[in-house]
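Biologist: I would like a close look at a single part of this protein. Please keep to plain words, as a first-year student will read along.

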Amino acid sequence: MIFVNLTTKDLERSKAFYTALGAGINPLFTDENAACIVWDENTYFMMLTHQHFSQFTEKPIADPETSAQVSVAFTRDSREAVDAVVEAGIAAGGSEAGEAKDYGFMYQRGLHDPDGNIIDFNWMAQAAAEQGPEAYVAEHGAGPDPVPGS
């Protein structure tokens with residue numbers, strides 16, 4: 001199981017945002033300090049108020065509106081599914097984090113939640129996942145953007 005801990009200034013707003021993206025809420029681990037956002041049976045977000053998060057670290061808490069500390073990425077089954085979840089996030093109070101990137105074998109869009117946390121969504125062709133991007137591009141040709149990392 002994976003638990004990603006993120007901070008929020010408004011817990012109710014965060015719960016509404018993430019449920020609009022299709023996530024669930026686990027009420028057993030949700031109270032006035034935190035909400036357990038359920039993506040699937042293995043992946044969870046703990047959205048924590050700043051005060052509650054500060055109990056787990058002595059370091060200053062980064063403000064996700066002005067600092068990037070982590071970017072969490074989720075795969076989707078198609079480009080259309082990537083577009084749909086990002087559009088749902090924008091409608092629920094998020095904002096797009098840059099322009100869509102289309103590499104032919106992979107498609108990515110980023111989303112800022114209402115607090116500024118970065119959530120990325122991507123689709124990758126199964127053949128590219130199995131063979132690697134260079135082999136896929138050699139066989140199928142490059143997409144509109146260059147291969148990332150090359």
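Which residue in E4 is the bridge partner of Ala 34?

Modeller: The model is a predicted one. In it, Ala 34 has Leu 48 of E4 as its bridge partner. That bridge belongs to the pairing of strand E3, residues 34–38, with E4, which is antiparallel and runs over five bridges. As background, the strands of a sheet pair through hydrogen bonds of the backbone, and the pairing can be parallel or antiparallel.

The two strands are part of an open sheet of four strands, which come in the order E1-E4-E3-E2. The pairing in this sheet is mixed. E1 and strand E2, residues 24–26, stand at the edges and have a single partner strand each, so each has one side without a neighbour in the sheet. From one strand to the next, the twist averages 30 degrees.

Now to a residue within E3. Ala 35 lies in this strand and is buried, with a relative accessible area of 0%. Its C-alpha atom is 8.5 Å from that of Ser 14, although 21 residues separate Ala 35 and Ser 14 along the chain.

E4 also takes part in a contact between rings. The search of the whole structure gives 10 aromatic pairs. In one of them, Phe 3 and Tyr 44, the ring centres are 4.7 Å apart and the planes stand at 10 degrees; planes under 30 degrees apart count as stacked, so this pair is stacked. Phe 3 lies in strand E1 (residues 2–8) and Tyr 44 in strand E4 (residues 43–49), so the pair ties together parts that are 41 residues apart in sequence. The two residues can also be described by their accessibility. Phe 3 has a relative accessibility of 42% and counts as partly exposed, while Tyr 44, at 11%, counts as buried because the limit is under 20%.

A further aromatic pair is formed by Tyr 103 and Phe 105, with 6.3 Å from centre to centre and 35 degrees between the planes, and it is tilted. Both Tyr 103 and Phe 105 are buried. Ring pairs also link six residues into a cluster: Phe 17, Tyr 18, Trp 39, Phe 45, Phe 74 and Phe 121.

E1, an edge strand of the sheet, has a part in the largest pocket too. With three residues, E1 gives the most to the lining of this pocket. The largest pocket has a volume of about 300 Å³, and 18 residues line it. Nearest its centre lie Thr 7, Ala 62, Gln 69, Val 70 and Asn 117. By type, the lining residues divide into nine nonpolar, eight polar and one charged.

Last, here is the setting of this part in the whole protein. The secondary structure comes to five helices and nine strands. Along the sequence, they follow the pattern β-α-β-β-β-α-β-α-β-β-β-β-α-α. The C-alpha trace spans about 50 × 30 × 30 Å along its principal axes. The protein has 150 residues, of which 39% count as buried; Ala 35 in E3 is one of the buried residues, and Tyr 44 in E4 is another.

Terms used:
Residues numbered from 1 in each chain as written. Predicted model: local features only at pLDDT ≥ 70, side-chain atom pairs only at ≥ 80, totals over all residues. Heavy atoms only, no water. Phe/Tyr/Trp six-rings, centres within 6.5 Å; stacked < 30°, edge-to-face > 60°. Buried < 20%, exposed > 50% of the residue type's maximum accessible area, 1.4 Å probe, protein only. 1 Å grid on protein atoms, 1.4 Å probe; cavity = no way out; pocket = protein on both sides within 12 Å on 5 of 7 lines; lining within 4 Å. Points joined across faces, edges and corners; volume = space filled by probe spheres on them. Nonpolar A, V, L, I, M, F, W, Y, C, P; charged D, E, K, R; others polar. Pairing = 2+ DSSP bridges. Axes fitted to C-alpha atoms, helices over the stretch in contact; angles between N-to-C directions.
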